[in-house]
Amino acid sequence: MTDHQDVSLDWMSAAGEDRPSADLRPEIPHPARMYDYYLGGKDNFPADRAAAEQVLALSPLVRLSAMANRAFLQRAVRHLAEAGVGRFLDIGTGIPTAGNTHETAQAVLPDARVAYLDNDPIVLVHSRALLAGASRGTVTVSRADLRDPAAILADPDVRALLDAGEPVALLLFAVLHFVDGADDPYGTVKQLVDALPPGSYLALSHATGDFADPAEAAKGPAVYRSATAQLSMRTKDEVLRFFDGLELLEPGLVTAPQWRPDRAADPTDAEIGIWAGVGRKA
Ligand SMILES: C[S@@+](CC[C@H](N)C(=O)[O-])C[C@H]1O[C@@H](n2cnc3c(N)ncnc32)[C@H](O)[C@@H]1O
């Protein structure tokens, strides 16, 4: 560990658990582990792979979508760091893989601070393993549920990130589609954005069925019904609502590969079922 490290791992105590295996539930597909499988990772179990294969059989574009989402995350974080944002609140972190938020941000701003939050214990185990050896700046990992924004805002690591009054980037990459309408996703995002200092940003990506035949689009959520979190795909207008009150940066809400691409356009870009955008709070 360097002097700059401040890796706080309070998820066990926060969750009141002493054994991470308590709810790893390898027999039930977990979205984080299915996503890891789409990305070619090894941190998944047979149940995750079987469910992920069902989704891939419905749409081979899902793997491309996962990769496009990950690439959008990196471009958006890099852009925000280049704009001088040094504080990142990353909710729905995912199992660490190449180009994580802290690595991408700290490549631009070495002292960038990141608070990672996820509700899946396996994500927290892997994040701890990664950060124990590799992080600079202040990077924290906590267990939290996006559906409980009050608890997120009361988290000491989140408070430390917000209380300095400097702009913060709230990152909600590929996580809001796991928040059902009944759990008030719009109220949740508003509560979090309201707590950000002026000049802060919201960057998000969200699965959509806008480019699929409606009957086909319904099949993806059906597979996730056996998983630990349900999939709620939303239309472009429904995703745009998350940016209410914010100034949407150019090029607006577009498919993930179309957000400030750093490679030549591909014909599949317009069909990738992930809406992506970044908004700024005045
Ligand atoms: C598809 S992965 C996205 C990972 C990363 N943000 C990315 O875009 O590469 C979704 C993540 O959201 C987490 N997640 C799902 N529902 C959540 C909730 N209600 N609260 C916090 N995290 C959640 C899952 O555990 C998983 O790690």
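Me: Which residues does Arg75 touch, leaving out those up to four places away in sequence?
Reply: This is a predicted model, in which local features need pLDDT of at least 70, side-chain atom pairs count only at pLDDT 80 or more, and totals for chains, interfaces and linings use all residues. Residues are numbered from 1 along each chain as its sequence is written. Arg75 is found in helix α4, where helices (H or I, at least four residues) and strands (E, at least two) are DSSP runs numbered from the N terminus. Counting a contact when two C-beta atoms, placed from the backbone, lie within 7 Å, and not counting residues up to four places away in sequence, Arg75 touches Trp259, Arg260 and Asp262.

Me: Is Arg75 buried or exposed?
Reply: A residue is buried if 20 or more other C-beta atoms, placed from the backbone, lie within 10 Å of its own, exposed if 12 or fewer, and partly exposed in between. Because Arg75 has 20 other C-beta atoms within 10 Å, this residue is classed as buried.

Me: How confident is the predictor, and over which residues is the pLDDT below 50?
Reply: The pLDDT, the predictor's confidence in each residue from 0 to 100, averages 89 over the chain, and 90% of the residues score at least 70. One stretch falls below 50, and beyond near neighbours in sequence it has 28 contacts in the model. Where pLDDT is low, the predicted coordinates should not be read in detail. The stretch with pLDDT below 50 is residues 1-22.

Me: Which residues of strand β2 point the other way from Arg87, Leu89 and Ile91?
Reply: In a regular strand the side chains alternate between the two faces of the sheet. Strand β2 (residues 87-91) is largely enclosed by the rest of the structure, because five of its five residues are buried. Arg87, Leu89 and Ile91 point one way from β2, and the residues that point the other way, buried as well, are Phe88 and Asp90.

Me: Which residue of β3 stands opposite Ile91?
Reply: Two strands pair if DSSP finds at least two bridges between them, and β2 is joined to the parallel strand β3 (residues 113-118) by five bridges. Leu89 has Ala115 as its bridge partner in β3, while the residue opposite Ile91 is Leu117.

Me: Which helix belongs to the right-handed β-α-β unit with β2 and β3?
Reply: A crossover is right-handed if, with the strands pointing away from the viewer, the path from the first strand over the helix to the second runs clockwise. In the unit that includes β2 and β3, the helix, made of residues 101-108, is α5.

Me: Which residue of β6 is the bridge partner of Leu170?
Reply: Strand β5 (residues 169-173) pairs in the parallel sense with β2 over three bridges, and Leu170 of β5 stands opposite Leu89. Strand β5 also pairs in the parallel sense with strand β6 (residues 201-207), over five bridges. In β6, the bridge partner of Leu170 is Leu202.

Me: How many nonpolar residues are in the shell around the ligand?
Reply: Taking a residue as near the ligand if its C-beta atom, placed from the backbone, lies within 6 Å of it, 23 residues surround the ligand, and the closest are Ala32, Gly92, Gly94, Asp120 and Phe173. Here Ala, Val, Leu, Ile, Met, Phe, Trp, Tyr, Cys and Pro count as nonpolar, Asp, Glu, Lys and Arg as charged, and the others, Gly among them, as polar. The shell has five polar and five charged residues, and its number of nonpolar residues is 13.
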